[in-house]
Amino acid sequence: MPKTGGTTLNEVVRGQYESDRIFDLSDVVLSRYGKEWKHVPNKERWKTSRRAFIDLSESKKLKLDAVIGHLWFGVHDYTDVPCQYVTFIRHPVRRYISYFNFIHGLDGRSPTEEVRKHDWSLAAFLEKRSLSKTAENQQVKFLTGDFSPDVESLERALENIDGCFLHVGLTERFDRNLIQIAESLGWDIPLYTRRNVSEKKTKVSELDPLVMNEIISRNELDMALYECIRSQCSERTKVKTGLFRIVNYLRDTSLGRSVSSLKIAPIYEYI
């Protein structure tokens, strides 16, 4: 899902599987729209990439280890291959701010040209509902495929998580939850570099309380979703991230490269 660490997670997945066994939705978008992709509305890009997966032959789908990218729930309905989802969700206020920071620095996409032209504040952006509503309750939208979500959509999102997701991590606990995912899937140590980081840095601590309350009120479904997932997330004492963070920091050194070839499980022997 956008602005939850998904681009970083996608990069991790690319490092775990052969490229010809990954269906990458971003590759579909670039192939279809080229340099003009930034001008294409989000929903159109997502529909295009999902259609490309649907149109794959079943024999090609059988050879895939992973489908990656920003996609809404339901792609498993278009294959006979058993599927499990993995995603991260983020505190809705932090995710909304990250979305604003991202589009504020995004050059070339027509829906955000006014944001850049006028150097809008977050408060001014919220007043432009035609632009800002896209990011509202976006996590529930992606978990259901419903772009006009209500309370029933929230219930369906939680049902989808219970029935189809191997892991739903929290962006605020990215390393801990990434290690859990790697352990479950038998990955090598999932070293990474943060991707798609916004240059503009509007911070939660700097928000006017009225702006904070407005974001919360517009994302009530996502707030409820986040609290449900946060309360369920395991606080396993086994998952300690100190050593992982050291190895990740050293990933481009000879020591880091030698360790990165290990499976994730052996890291626990040294904790």
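Q: What makes two rings an aromatic pair here?
A: Rings of Phe, Tyr and Trp pair if their centres lie within 6.5 Å. By that rule, this predicted model holds 14 aromatic pairs.

Q: Why is the pair of F23 and F53 called edge-to-face?
A: The centres of F23 and F53 are 5.5 Å apart, and the cut-off for a pair is within 6.5 Å. The planes stand at 65°. Planes over 60 degrees apart count as edge-to-face, so the name applies.

Q: What makes this a link between distant parts of the chain?
A: F23 sits in strand β1, residues 22-24. F53 belongs to helix α3, residues 42-54. The two are 30 residues apart.

Q: Are F23 and F53 buried or exposed?
A: Both F23 and F53 are buried. That places each under 20% relative accessible area.

Q: How do you know that F174 and Y192 form an edge-to-face pair?
A: Their rings lie 5.3 Å apart, centre to centre. The angle between the planes is 70°. Edge-to-face needs over 60 degrees, so F174 and Y192 qualify.

Q: Where in the chain are F174 and Y192?
A: F174 is in helix α11, residues 174-185. Y192 is in the loop between α11 and α12 (209-218). This pair, too, links distant parts of the chain, with the two positions 18 residues apart. Both F174 and Y192 are buried.

Q: What makes W46, W72, F142 and F147 a cluster?
A: Ring pairs link these four residues.

Q: Why is D150 called partly exposed?
A: D150 has a relative accessible area of 39%. Buried means under 20% and exposed means over 50%; partly exposed is in between. The value for D150 falls in between, so the label is partly exposed.

Q: Which residues gather with D150 on the surface, and what charge does the patch have?
A: E152, E155, E159 and D162 gather with D150 in a patch of negative charge. D150 itself is found in the loop between α9 (138-144) and α10 (151-164).

Q: Why is K3 called buried?
A: Its relative accessible area is 11%. The limit for buried is under 20%, so K3 is buried. K3 lies in the segment before α1 (6-14).

Q: What is notable about phi of K3?
A: Phi is near 60° in K3, a positive value in a residue other than glycine.

Q: How do you know that N137 is buried?
A: N137 has a relative accessible area of 11%. Buried means under 20%, so N137 meets the definition. N137 is placed in the loop between α8 (129-132) and α9. Its phi is near 50°, also positive in a residue other than glycine.

Technical notes. Residues are numbered from 1 along each chain as its sequence is written. This is a predicted model: local features need pLDDT of at least 70, side-chain atom pairs count only at pLDDT 80 or more; totals for chains, interfaces and linings use all residues. Side-chain values use heavy atoms; hydrogens and water are left out. Patches are made of residues with over 30% relative accessible area and no salt bridge: like charges are joined within 9 Å, nonpolar side chains (Val, Leu, Ile, Met, Phe, Trp, Tyr) within 5 Å. Accessible areas come from the Shrake-Rupley method with a 1.4 Å probe; for residues, only the protein chains shown count as cover. A salt bridge is a side-chain nitrogen of Lys or Arg within 4 Å of a carboxyl oxygen of Asp or Glu. Lys and Arg count as positive and Asp and Glu as negative; His and the chain ends are not counted. The place of a charge is taken as NZ of Lys, CZ of Arg, CG of Asp or CD of Glu. Helices (H or I, at least four residues) and strands (E, at least two) are DSSP runs, numbered from the N terminus. Buried means under 20% relative accessible area, exposed over 50%, partly exposed in between (1.4 Å probe, protein chains only). Rings of Phe, Tyr and Trp (its six-membered ring) pair if their centres lie within 6.5 Å; planes under 30 degrees apart count as stacked, over 60 as edge-to-face and the rest as tilted.
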